[in-house]
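Colleague: I'd like to learn how to read a fold from its coordinates. Could you walk me through one, feature by feature?

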Amino acid sequence: MKTMVVISHPTIQTSSSQQFFLATLKGEETVTVRHLDEVWSEAKPHFTRATEEKALLESGAKRLILQFPMYWYQAPAVMKEWIDTVMSKSARFAKQIKELGIVVTLGVKEEAFRAGGKEQFTISELMRPFQALANAMGWKYLPIFEVHQFDYKTEVAKQTLLVEYLQYVTKEHHGTLKNTEDWFIERAQSMKGAEWEQIAEWIKENQDERLELEMHLSDWEESQYGDY
């Protein structure tokens with residue numbers, strides 16, 4: 001699935017998290033990255049619908065990812081202006097895009113965003129306008145990808161984040177173990193070297209065994225309990 005990642009960050013060159021994400025996506029042929037602060041024009045209009053719509057259409061993206069740091073419980077002003085300029089149910093890209101995802105970075109601990117926590121509200125609650133946007137455009141709304149306190153993460157945690165982020169952006173389907181296994185197999189097969197071939201084969205063998213076990217369990221449950 002082709003994806004366009006639209007980023008709004010005023011100091012992206014010095015942002016460790018954004019540079020990490022950009023490095024992760026480097027070389028991904030199915031991903032197009034558009035940094036709004038670079039294409040923003042000082043002269044009004046800051047964005048033109050025709051230019052932005054053309055970029056979306058030419059990307060061939062079926063998944064749109066909006067990526068930004070959270071400022072005062074919302075997206076940066078540049079992202080909001082882009083949405084106001086570009087989004088329309090009658091836009092030519094409206095039917096091309098199928099999914100909307102949100103990648104949001106925060107400098108506050110994850111446990112702060114919950115009822116009774118420091119911030120009192122969850123990220124899902126604060127990002128609800130994007131869910132409404134997806135609903136209005138007829139797009140599937142993906143679970144929010146939250147990144148809390150990136151600079152405090154260990155190297156191991158960052159490597160885990162790299163894989164999870166890459167899956168969020170590129171994996172065709174979300175929500176099932178089989179989809180995740182298929183994604184890892186495809187990734188391993190695309191790498192060069194016997195070691196990667198062995199990894200792909202190992203995942204495939206384990207997947208086959210798991211699916212066979214699930215089938216036997218399903219048959220056993222049906223024989224024991226029947227249909228209710």
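Colleague: Let's start with strand pairing. Which residue of strand 4 is the bridge partner of Ile 65?

Modeller: It's Gly 101. Keep in mind that this is a predicted model. That pair belongs to a ladder of seven bridges between strand 3 (residues 63–69) and strand 4, and the two strands run parallel.

Colleague: How does the chain get from strand 3 to strand 4, and what is the handedness of the crossover?

Modeller: To read a crossover, follow the chain from one strand to the next. Here the path leaves strand 3, goes through helix 4 (residues 77–86) and arrives at strand 4, giving a right-handed β-α-β crossover.

Colleague: Which other strands does strand 4 pair with?

Modeller: Strand 5 (residues 140–141) pairs with strand 4 in the parallel sense over two bridges, with Glu 99 opposite Lys 140. Strand 6 (residues 145–148) is joined to strand 4 by four bridges, again parallel, and there Leu 106 stands opposite His 148.

Colleague: Strand 4 keeps coming up. Why is it described as largely enclosed by the rest of the structure?

Modeller: For a strand, look at burial on both faces. Eight of the eight residues in strand 4 (residues 99–106) are buried, so the rest of the structure largely encloses it. Glu 99, Gly 101, Val 103 and Thr 105 point one way, Leu 100, Ile 102, Val 104 and Leu 106 point the other way, and all are buried.

Colleague: Take Glu 99, then. Why does it count as buried?

Modeller: The cut-off is under 20% relative accessible area. Glu 99 counts as buried because its relative accessibility is 8%.

Colleague: What does the side chain of Glu 99 make a polar contact with?

Modeller: With the side chain of Arg 63, at 2.7 Å. If you leave aside neighbours within four places in sequence, Glu 99 is in contact with residues including Met 1, Lys 62, Leu 64, Trp 139 and Glu 172.

Colleague: Now the hydrophobic side of things. How many residues are in the largest nonpolar core?

Modeller: First the general idea: in soluble globular proteins, nonpolar side chains tend to be buried together. In this model the largest nonpolar core has 37 residues, and Leu 64, Leu 66 and Trp 82 have the most contacts inside it. Its contributors of at least two residues each include strand 1 (3–7), helix 3 (49–59), strand 3, strand 4 and helix 6 (128–137). Helix 4 supplies the largest share, five residues.

Colleague: And what does Leu 66 touch?

Modeller: Not counting residues up to four places away in sequence, Leu 66 touches, among others, Val 6, Met 79, Trp 82, Ile 83, Ile 102 and Phe 130. Apart from the largest core there is another one, of 18 residues, among them Val 5, Ile 12, Ile 65 and Tyr 165.

Colleague: How should I read a helix? Which residues of helix 6 are buried?

Modeller: An α-helix has 3.6 residues a turn, so residues three or four places apart point the same way. In helix 6 the buried residues are Phe 130, Leu 133, Ala 134 and Met 137. They sit on the same side of helix 6 because they cover an arc of only 95 degrees around the axis. Pro 129 and Asn 135, on the other side of helix 6, are exposed. The buried residues pack against strand 3, helix 4, strand 4 and strand 5. Right after helix 6 comes Gly 138, whose phi is positive, near 80 degrees.

Colleague: Which residues are buried in helix 1?

Modeller: In helix 1 (residues 16–25), Ser 17, Gln 18, Phe 20, Phe 21, Thr 24 and Leu 25 are buried. Their arc around the axis is only 155 degrees, which puts them on the same side of helix 1. Among the elements they pack against are strand 1, strand 2 (31–35) and helix 7 (155–170). Gly 27, just after helix 1, takes a positive phi of about 90 degrees.

Colleague: Is Gln 18 buried or exposed?

Modeller: Buried, with a relative accessible area of 0%. Leaving out residues up to four places away in sequence, Gln 18 touches Ile 7, His 9, Ile 12, Gln 67 and Thr 105.

How values were computed
Residues numbered from 1 in each chain as written. Predicted model: local features only at pLDDT ≥ 70, side-chain atom pairs only at ≥ 80, totals over all residues. Heavy atoms only, no water. Buried < 20%, exposed > 50% of the residue type's maximum accessible area, 1.4 Å probe, protein only. Pairing = 2+ DSSP bridges. Right-handed = clockwise from strand over helix to strand, strands pointing away. Core = buried A, V, L, I, M, F, W, Y, C linked by side-chain atoms within 4.5 Å. Contact = heavy atoms within 4.5 Å. Polar contact = N/O pair within 3.5 Å; in protein donor to acceptor, adjacent residues only side chain to side chain. Arc of directions from axis to C-beta.
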